[in-house]
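Subject: Structure handover

Dear colleague,

Here is the structure I said I would pass on. Please open it first; my notes on what was found in it follow below.

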Amino acid sequence: MSRTRIAAAATAVASAMILNSPAFAQSGEVNVYTYRETKLVQPLIDAFTKDTGIKVNIVSASSGLEQRIKAEGANSPADVLLTVDVGRIAEAVDAGVTQPIKSDALDKIVPAQYRDPDGHWAGISMRARVIYASKDRVKQDAITYEELADPKWKGKICIRSGQHIYNNALFAAYVAHHGEAKAEEWLRGVKANLAQKPSGGDRETARDVAAGKCDIGIGNTYYWALMMNHDADKKPWAEATKVILPTFAGGGTHVNLSGVLLAKNAPNRANGVKLIEWLAGEKAQQMYADANYEYPVRAGVAIHPTIAGYGKLNADTLPISKIAANRKTASTLVDKVGFDN
Ligand SMILES: [Fe+2]
């Protein structure tokens, strides 16, 4: 072998060693901890890897991810946490396992009301908490959240537990709008209108409306679309109901977020930010809209026709951080008025 060829071979070996060293491998990876179902996350991740060449490792769980990150401490491999609902988002921040995301690109895409003022989380897609109303028995096509306490609905409302995170956020929004005393009065009124003890999930609420147990139920926008388009045995529940987008008096429709957070000790921080920015990009936003029936947080992305069929969403402008700040009060009020009893 000539001298130059030996030198070239040595360089090649050295390059291979660098490529295989943990430091380099790390720069081509990102570790995602997710509460969101793999079924939704995997196609997004595959598309991200295809676009960027960055390998994604997923840790999926239905609970305990903050505790896990905390226990892993400074050596936690977690870079990005994907979760749903302002309640879980706030819990992650409260657990002290996050850091500010710091991305001008993200700040430009995600409206300020859907971002943490301190930068620890950002909404990536939205869902609204709406009314599933009996097509046969409910004539009106508009309603306010305040009206749910009107005695005209006595014995006609179905809803899941008042302590469930979806209702907790709605009730916290009510507190943010009207104050604690008015919220308590309202909750007592809604409670007095319930057809049955709060139970089941949003799909069962639609089921009970369809069965005539109640005239209106409270549920999230995507469940109705899932029942209508993906679940043959639950399709009749969607078909018996219509979705009404309620509004706060003088406000808009209550929305909640699926969000992203950057882990405090993210070993692949730059790639984590890259993934977060990619999730706010056009391709990912279209996937959230098409596959999961969520409202894209990015302007100009088409929403799914089923969701569009509910009518134009006039999202409440209350900053999500204000909802997070009232979660505890809402939970206390639910117990105080015996909402779930
Ligand atoms: Fe859900």
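To start with a detail of the backbone, K102 sits in the loop that runs between β4 (98-99) and α6 (104-109). Bear in mind throughout that this is a predicted model. K102 is not a glycine, yet its phi is positive, at about 50°. Its relative accessible area is 68%, so K102 is exposed.

D85 also has a positive phi without being a glycine, in this case about 85°. This residue belongs to the loop between β3 (80-84) and α5 (86-94). With a relative accessible area of 1%, D85 is buried.

The chain as a whole

The secondary structure of the chain amounts to 16 helices and 10 strands. Along the principal axes, the C-alpha atoms fill a box of roughly 95 × 40 × 30 Å. The chain has 341 residues, and 52% of them count as buried. If you take the contacts between residues at least 6 apart in sequence, 80% of them join residues at least 24 apart.

The iron ion

Which residues hold the protein donors of the iron ion? They are Y166, Y222 and Y223, each through its OH atom, and they lie 2.0 to 2.1 Å from the ion. The spacing of these donor residues in sequence is Y-x55-Y-Y. Y222 and Y223 are both buried.

The largest pocket

Y222 and Y223 come up again in the largest pocket, where they are among the lining residues that lie nearest its centre, together with R36, E37 and N292. In total, 21 residues line this pocket, and its volume is about 630 Å³. Four helices, α3 (38-52), α7, α10 and α13 (282-292), each supply at least two residues of the lining. Which helix gives the most to it? That is α10, with four residues.

Aromatic rings

The count of aromatic pairs comes to eight. One of them is formed by F171 and F339, which meet edge-to-face, with 5.4 Å from centre to centre and 65° between the planes. F171 lies in helix α7 (residues 165-178) and F339 in the segment after α16 (327-336), so this pair ties together parts of the chain that are 168 residues apart in sequence. Both F171 and F339 are buried.

W224 and Y310 form another edge-to-face pair, at 5.6 Å centre to centre and with 85° between the planes. This pair, too, links distant parts of the chain: W224 is in helix α10 (residues 221-230), while Y310 is in the loop between α14 (305-308) and α15 (320-325), 86 residues away. W224 and Y310 are both buried.

Ring pairs also join Y145, F171, Y174, W186, F248 and F339 into a cluster. Apart from the ring pairs, R88 lies over the face of Y35, at 5.6 Å from the ring centre.

Two further residues

Where is N326? It is found in the loop between α15 and α16. Is N326 buried or exposed? Its relative accessibility is 18%, so N326 counts as buried, since the cut-off for that class is under 20%. Setting aside neighbours within four places in sequence, N326 is in contact with A172, V175 and A176.

G217 lies in strand β7 (residues 216-220). Its relative accessibility is 0%, and therefore G217 counts as buried. What does G217 touch, leaving aside its neighbours within four places in sequence? The contacts of G217 are V130, I131, Y132, C158, T205 and V209. G217 and R203 are 14 residues apart in sequence, and their C-alpha atoms are 9.7 Å apart in space.

If you have time for a brief look, I would begin with the iron ion and its donors Y166, Y222 and Y223, then go on to the residues nearest the centre of the largest pocket, which include R36, E37 and N292. After that, the pair of F171 and F339 and the pair of W224 and Y310 can be viewed in turn.

Best regards

Methods. Residues are numbered from 1 along each chain as its sequence is written. This is a predicted model: local features need pLDDT of at least 70, side-chain atom pairs count only at pLDDT 80 or more; totals for chains, interfaces and linings use all residues. Side-chain values use heavy atoms; hydrogens and water are left out. Donors are N, O and S atoms within 2.8 Å of the metal (3.2 Å for Na, K and Ca); water is not among the atoms, so sites may look incomplete. Buried means under 20% relative accessible area, exposed over 50%, partly exposed in between (1.4 Å probe, protein chains only). Rings of Phe, Tyr and Trp (its six-membered ring) pair if their centres lie within 6.5 Å; planes under 30 degrees apart count as stacked, over 60 as edge-to-face and the rest as tilted. A charge sits over a ring if NZ of Lys or CZ of Arg is within 6 Å of the ring centre and within 35 degrees of the ring normal. Contact means heavy atoms within 4.5 Å. On a 1 Å grid over the protein atoms alone, a cavity is a set of points where a 1.4 Å probe fits but cannot get out, and a pocket is an open set with protein on both sides within 12 Å along at least five of seven lines; lining residues have an atom within 4 Å of a point. Grid points are joined across faces, edges and corners, and a volume is the space filled by probe spheres set on the points.
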